[in-house]
Amino acid sequence: METGELSTAVPARPLVVAIDGPSGSGKSSVSKAVARSLELAFLDTGAFYRAATWWCVDQGIALDDQAAVAAAVREMPLVIGVDPQDPTVTVGGTDIGAAIRETAISAAVSAVATNLEVRAELGRLQRAAIEAERDPSSFSGGRGIVAEGRDITTVVAPDADVRVLLTASEAARLARRAREVHGSDDAAAVEATRDQVLRRDADDSTVVEFQVAADGVVTVDSSHLDFEQTVQAVLDVVTSVVARA
């Protein structure tokens, strides 16, 4: 089966596909490709945490002041675009899609992502975004959404139609992130990426489990798969689940 053939297999009712995984597992790029193939919306929940970090820094709020950060996040004028061809992130009308990918935000985001009050608020917003795609007037026309992150299969959308843990070996994840950030996966690039990837996973694992699949969650290990093969593996999981529904 070629990637893209599956769209005709999607049921008439809205479909929610939840994909979790550690840093460098490829979940963002794979989730976007799956959403395009299935003609669904796409939700990058990690962007919520990056946007919250950017917002607090922009407002001059100390990230270790958990109460102040939580209060700021509750007031954050965030709009997340769900087009898998062009996902957008704006705060107060300012496009911060590029800014939230800068190294300074990547290095600071764990302080916000491990704030339990922030997680509760952003989880509420994420559930609302998922629910919105059930509406025929939504971006997907009511077809549904692919949502990716750390706790989508367990906390945000534990009742999703399809739940996948996309993982890969540490070596594969480091090499992928090095190529993404530095354009190379040589030893120096991998070493420069190591702290960002492994520390983020270690920090986030203190508040959410995303390394081991929960009951009912299908694991897709992409360690030895290329991008197209990984997308197809996830599409195959969706095919299987839809066929049983």
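Colleague: In this predicted model, how many residues does the largest nonpolar core have, and which of them have the most contacts inside it?

Modeller: A nonpolar core is read as a set of buried residues such as Leu, Ile and Phe joined through side-chain atoms within 4.5 Å; here the largest one has 41 residues, and Leu43 and Met76 are those with the most contacts inside it. Helix H2, residues 45–58, gives the most to this core, with eight residues.

Colleague: Which residues does Leu43 touch, leaving aside those up to four places away in sequence?

Modeller: Counted that way, Leu43 touches Phe48, Ile80, Val82, Gln126, Ala129, Ile130, Ile145, Val146, Ala147 and Glu148. There is also a second, separate core of 22 residues, and among its members are Ile19, Ala35, Val164 and Leu235.

Colleague: How should I read the empty space, and what is the volume of the largest pocket?

Modeller: The general idea is that a probe the size of a water molecule, rolled over the atoms, shows where empty space is left. In this structure the largest pocket has a volume of about 1,000 Å³, and of the 46 residues lining it, Ser28, Arg50, Arg101, Arg177 and Glu180 are the closest to its centre. Elements that give two or more residues to this lining include helix H1 (27–38), strand E2 (41–44), H2 and helix H7 (170–182).

Colleague: What classes of residue make up that lining?

Modeller: The lining of the largest pocket has 17 polar, 16 charged and 13 nonpolar residues.

Colleague: And for the protein as a whole, what percentage of the residues is buried?

Modeller: Of the 245 residues, 51% are buried, and the protein has nine helices and eight strands.

Notes
Residues numbered from 1 in each chain as written. Predicted model: local features only at pLDDT ≥ 70, side-chain atom pairs only at ≥ 80, totals over all residues. Heavy atoms only, no water. Buried < 20%, exposed > 50% of the residue type's maximum accessible area, 1.4 Å probe, protein only. Helix = DSSP H or I, 4+ residues; strand = E, 2+ residues; numbered from the N terminus. Contact = heavy atoms within 4.5 Å. 1 Å grid on protein atoms, 1.4 Å probe; cavity = no way out; pocket = protein on both sides within 12 Å on 5 of 7 lines; lining within 4 Å. Points joined across faces, edges and corners; volume = space filled by probe spheres on them. Nonpolar A, V, L, I, M, F, W, Y, C, P; charged D, E, K, R; others polar.
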